[in-house]
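Visitor: I'd like a quick walk through this one. Can you put it up and take my questions?

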Amino acid sequence: MDQDRDALGLLRWLTQAAGYWDGHGRTPDALPTGGAPQAARACVADAPPWLRASRLEAELLEAHGAAAAHARRRTRRLRAGGAALLALALVAGLVAWQQKRIGDEREREASARSIASIADSLRTSDPETAALLSVAAWRVAPVGEARAALYGALGQDERKVATNPAGVSTGVYEEHIDTLLDGRTLAVLNEKKSMEVWDLVTGKRTARAELSQEDELPAAPDPTGTVAVQPKRKGVQLIDLVSGKPGRLILEDQGALQLAGMSEKAGLLLVTSYEARQETLLVDGATGRIVLTIPGRDAVALSRDGSTLAYCLPGRPVQLYTVATGQTAQLTNPDAYPTTPCGKEHGLRFSGNGKRLIHMNGRNSTLWDLPSRKSIYEFSAKSVGAVNADASLMAEVTDSQVKLWSDRSSSSAQPLLTFPRPEADGAATGVALAFDADGRRLLSLSRDRQVRYLDLTFGLEDAASTVNVMDAVFAPDARTLVTAGVLGTGRDAEAKIWTTADGRDRALPEVPLRGSTGDADLTDDDGGAVYSRDGRLLAGVVGGNGKLRVTVWDVREGRKRAEISLPKSVFRVDGVEFTPDGKQIVLALPAGATANEPRTVQVWDVASGKRAYEIKEAGAANLAVNRDGTLLFTSAGERIDLATRRVERGVFGPGVIQDLEFSDDGSVLAVSLLQGAVTLWDGSGRRRLGALSSTAGTRGEDFGGRLAGLRFSHDGRTLAALVGESRVQLWDVPARRRLGDPMRGSAGFLRAVAFDSGGRLHVSSSFHPHRVFDLGPANVAKELCRRVGRDLTRAQWEQNVPDLPYRSVC
């Protein structure tokens, strides 16, 4: 009894619970709860006979167990349902969050596109704000339009554009335009016949004077902007621009006069007479005394300080008159080329410091060093519109361009830089030019009332270059570069292989020639040498005089790998290309290159040096072999099956082809046309994939018909092409979008372009063998911020980006 006392207690509880359950109709609500039923079940299961449960008690335990099992199943179902509901709620929340994120992202992308569009619209009127908005667009969302805006700002020559601060139209007279006195001072002759002088940096007017309403000839300011000289019907009058008071009238006895020049503060004047005697007078501005009379009305110039007068007499050298001594000398070159005598339509211009003189004869110009009386630079400028203080930089305006020249340049025929001429209307006199104080920018003023600040960075960097690269080609990975031309202080052509990572170079023993008969004719767009696809081998046509050879060099080992001797009858090779495996070389011979043979494609084995086969009536200067080496495409519009030798013509449709280039994976073939378009084809050349947009600039500038040197980035998403003389056009290939206007790659003439594996752009130019650009958008944005030197103001942000809160972009 003592041993089963606990069991007896459970049994007694069980008897009472069973009676209660039975007395209440055995409903589920009458079943006991808690842990006692489970304990009682365990107790009676192993109890001795005298402690076993009665039938009613057993039925209670069975009903309780069934109810407990049912409750457990229900709990599990509720838990499972709750988990499912929770999961559904989480999924719904995640979907809503993703949709909101996508919606927000699309809103940001739309805002970025809108900002980029605004930036493009401001490019010509407000380059600084346009550059900052381009950065803002990229910061908001890195869409393709924002990337294009970044590159558009990076490639822009104008760093700043300022409207005529006087707020009036420029000039009363058809032949007259307001005067840029220097890099910060503008003299305005307005419609009310008053003259105003403005500081372009501060935007403030520094001087003003009323002019006589009866005078027909325009007044002109002195170089300092403090005195104006007004030609009258009889004589000339000096006007103090600072006080606005007119000075004395001089030369009244000389009749009608035209102003030809003056020194600072009108200390000395140059005037020409309309009388029958046709004279040019050097006059003391203070007294009206005639210092010198020069017969005729030919070219004359007076130095800024008034110490020296230069003038022309027909058929004679330029005359130099020293005002202080009254002595005259002639500019002659007894030890050099014959001195060009003066003639009609000649012009003269002093440097700012008066130590150099430019003589312009309408065909070219000669720069003279006056202390030594020697000519130091003859260059192909018909006229010079502006010169800096020491005449190391000179600017010329033509009907379509502004050209920058320098006596430090290695070329006298090619300008350092060219810019599209503002408001190109065929009147070269409609643009005024001036260099700023440090000579890093050139200011141009045209009849559209805009002062444009043109960046001269590339010209200044390359002005002292002693090289004249005539031809260049990059390896496919841009790790090495081969150049040919005058690459040092000597005058003989030479060839070098450069390592682009560190700029080290080594000489090639022979100069590869492009389209040559043996002379150094290295002026075509494609290189006189060509790399194999892996960049290891370099092949070039060398020699001449009936001894042309194709030499193959191992670039990595720096040794000659093979040499193919061409027949003596071959005197010219137009095109050279490796097959993809580097085992064969394809040559394109023009018609007549071998006796009277038609143009021909020849395929040569590198290892044996023997010709494998040839294909008649085919070939052109530019060649492209597909990636498996089965197809050859030519700039004559031919598709050649190298296995069957079958030639298909006109596969790219009408138009003159300039260049062809495959993407790295061979899936896309780019074809550039003389008309300025680039078409894209599949790797077989059968299916046209699309076309890339025009290379015309924002203002419709014509950058020239050249569209060559095609190169894909290694991921195939960007295509670069050489445009005009010194610019590179970039395209987003998948979007078929032009990435900004053609950007300047260097001074001089661009020879080659390539991408490295990191996406950086490498270029080679006539004045600079190698230059590299990091075109990552983050780096471009950083460079634009550095150029502008400030951030977007809140006012500019609210005006152009009203839907987004202000944020710093630089």
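Guide: One definition before we start: buried means under 20% relative accessible area, exposed over 50%, and partly exposed in between (1.4 Å probe, protein chains only). This is a predicted model, so local features need pLDDT of at least 70 and side-chain atom pairs count only at pLDDT 80 or more, while totals for chains, interfaces and linings use all residues. Residues are numbered from 1 along each chain as its sequence is written, and side-chain values use heavy atoms, with hydrogens and water left out.

Visitor: Is C810 buried or partly exposed?

Guide: Compare its disulfide partner: C785 is buried, with a relative accessible area of 12%. C810 has 40% relative accessibility, so C810 counts as partly exposed.

Visitor: How many disulfides are there?

Guide: The rule takes a pair of cysteine sulfur atoms within 2.5 Å as a disulfide. C312 and C342 qualify with S to S at 2.2 Å, and C785 and C810 with sulfur atoms 1.9 Å apart. Counting bonded cysteines along the chain, the pattern is 1-2, 3-4. The count comes to 2 disulfides.

Visitor: What handedness does the link of C785 and C810 have?

Guide: For reference, the link of C312 and C342 has -60° about its S-S bond and is left-handed. The link of C785 and C810 has -75° about the S-S bond, and this one is left-handed.

Visitor: Why does the pair of C785 and C810 tie together parts that are apart in sequence?

Guide: Helices here are DSSP runs (H or I, at least four residues), numbered from the N terminus. C785 lies in helix 7 (residues 777-788) and C810 in the segment after helix 8 (794-800), so the parts tied together are 25 residues apart in sequence.

Visitor: Which residues have the most contacts inside the largest nonpolar core?

Guide: A nonpolar core is a set of buried Ala, Val, Leu, Ile, Met, Phe, Trp, Tyr and Cys residues joined through side-chain atoms within 4.5 Å. The largest one has 64 residues, and its largest share, 9 residues, comes from helix 4 (residues 127-140). The ones with the most contacts inside it are V728, L730 and L761.

Visitor: And P777, which residues is it in contact with, leaving aside its neighbours within four places in sequence?

Guide: P777 lies in helix 7, and its C-alpha is 8.6 Å from that of P142, though the two are 635 residues apart in sequence. Contact means heavy atoms within 4.5 Å. With neighbours within four places in sequence left aside, P777 is in contact with W138 and L150.

Conventions: Helices (H or I, at least four residues) and strands (E, at least two) are DSSP runs, numbered from the N terminus.
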